[in-house]
Every structure is written in structure tokens, then in C-alpha cells.
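Biologist: I have a structure open and would like to learn how to read it. Could you walk me through it, one feature at a time?

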Amino acid sequence: MPKNKKKDDTSDSDSGPDDRTPVKKSKTDSASTTNDKGEEEWTLDRNRKITVSEFKGKIYVNVREYYEKDGKTLPSKKGISLSVPQWKKLLECADEVNDKIKKL
């Protein structure tokens, strides 16, 4: 993927090309990466990511769709920013949502 290659090419590592090769992640792998802004991010699928950011002194969990323009990956308007209390409430509901999914 070109977008990951550009990010990895900025590495200051001298250990050779082996550390620049992206590792294939399984669907259950939730390892994070760091984006251009220095924020930690988790990839949900090809165009959706989760980031945690600070805006006007408050922390938000962002679930956003991304697009590519001029070789850069940029956030789109499609997504949601949750405050920390909203994120915690979402996590509290996760088991019930999973139970509902199993019943369908």
C-alpha cells in the first residue's frame, strides 16, 4: 500500500529495509500505529480508523472514514467524535450489542 510505504519511509532507523516492510495483520490484530500528527490510530478496515485526540482541552475518540488525495491519507467528514464519557458508555453497551448480534 503506498500510503503505508510513505509513512514507513520517514523512519530514522538504520537497520535496513526489513524494518520498513509492513507486517500483515490478522482481522483480530488490534495493534496501533502512529499517524502523521503523532496520534495513535487503530485500523478498522481499509478506509476506517480510530484515533484519540485532544481538541480545545478535551479528549475525543474519533471513528472516521479516510480517503486518499495526492498520495496522502486524509480524514473525511464521515465519522463520529465521542467524548470520553460517551466512549465509556459505548463500551458498557458492547456486551449487550454482541449478545444481540449473536441472536440475529
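**Reading the strands, loops and helix**

Modeller: Happy to. Let's start with a pair of strands: β3 is joined to strand β4 (residues 58–69) by 8 bridges, and the two run antiparallel. Within this pair, Lys-49 stands opposite Arg-64 in β4. Keep in mind throughout that this is a predicted model.

Biologist: What holds strands of a sheet together in general?

Modeller: Strands of a sheet pair through backbone hydrogen bonds, either parallel or antiparallel. In this structure, the pairing is antiparallel, in an open sheet of 5 strands with the order β1-β2-β3-β4-β5. The strands β1 and β5 stand at the edges with a single partner strand each, so one side of each has no neighbour in the sheet.

Biologist: And which elements does the whole chain contain?

Modeller: The protein chain has 2 helices and 5 strands. Along the sequence, the pattern reads α-β-β-β-β-β-α.

Biologist: How many bridges join β1 to β2, and how many join β2 to β3?

Modeller: Strand β1 (residues 33–34) is joined to β2 (residues 40–45) by 2 bridges, antiparallel. Between β2 and strand β3 (residues 48–55) there are 4 bridges, again antiparallel. Glu-41 is a handy residue to follow across the sheet: Thr-33 stands opposite Glu-41 in β2, and Glu-41 in turn stands opposite Thr-51 in β3.

Biologist: What lies between the strands of these hairpins?

Modeller: The hairpin of β1 and β2 has 5 residues between its strands, while the hairpin joining β2 to β3 passes through 2 residues.

Biologist: How should I read the sign of phi in a loop?

Modeller: As a general guide, most residues other than glycine have a negative phi. Begin with a glycine here: Gly-38, in the turn between β1 and β2, has a positive phi of about 85°. Then look at two residues that are not glycines. Lys-56 has a positive phi of about 50° and lies in the loop between β3 and β4. Asp-70 has a positive phi of about 55° and is found in the loop between β4 and β5.

Biologist: Are those loop residues buried or exposed?

Modeller: The cut-off for exposed is over 50% relative accessible area. Gly-38 is exposed, because its relative accessible area is 53%. Lys-56 counts as exposed at 73% relative accessibility, and Asp-70 counts as exposed at 72%.

Biologist: Now the other side of that scale. Is Ser-53 buried or exposed?

Modeller: Here the cut-off is under 20% for buried. Ser-53, in strand β3, has a relative accessible area of 16%, so Ser-53 is buried. Its side chain makes a polar contact of 2.8 Å with the side chain of Asn-62. Leaving aside residues up to four places away in sequence, Ser-53 touches Glu-39, Lys-58, Ile-59, Tyr-60 and Asn-62. As for the turn we visited, the C-alpha atoms of Gly-38 and Ser-53 are 9.8 Å apart, with their positions 15 residues apart along the chain.

Biologist: Which strand holds Ser-76, and what does its side chain reach?

Modeller: Ser-76 is found in strand β5 (residues 72–83). At 18% relative accessibility, Ser-76 counts as buried. The side chain of Ser-76 reaches the backbone oxygen of Glu-65 at 2.8 Å. A polar atom of that same Ser-76 side chain lies 3.1 Å from the backbone nitrogen of Lys-78. Apart from residues up to four places away in sequence, Ser-76 touches Arg-64, Glu-65, Tyr-66 and Tyr-67.

Biologist: How do I read a helix such as α2?

Modeller: Compare its span with the expected one, then look for a bend. Helix α2 (residues 84–103) has 20 residues and spans 29 Å from first C-alpha to last, close to the 28 Å expected at 1.5 Å a residue. There is also a bend of about 40° in α2, at Ala-94.

Biologist: Finally, what can I say about the chain as a whole?

Modeller: Of its 104 residues, 15% count as buried. The accessible surface comes to about 8,900 Å², and carbon and sulfur atoms account for 53% of it. Among contacts with a separation of 6 or more, 11% are between residues 24 or more positions apart.

Methods
Residues are numbered from 1 along each chain as its sequence is written. This is a predicted model: local features need pLDDT of at least 70, side-chain atom pairs count only at pLDDT 80 or more; totals for chains, interfaces and linings use all residues. Side-chain values use heavy atoms; hydrogens and water are left out. Two strands pair if DSSP finds at least two bridges between them. Buried means under 20% relative accessible area, exposed over 50%, partly exposed in between (1.4 Å probe, protein chains only). The expected span of a helix is 1.5 Å times one less than its number of residues. The bend at a residue is the angle between axes fitted to the seven residues ending there and the seven starting there. A polar contact is a pair of N or O atoms within 3.5 Å; within protein, one must be able to donate a hydrogen and the other to accept it, and residues adjacent in sequence count only if both atoms are side-chain atoms. Contact means heavy atoms within 4.5 Å. Accessible areas come from the Shrake-Rupley method with a 1.4 Å probe; for residues, only the protein chains shown count as cover.
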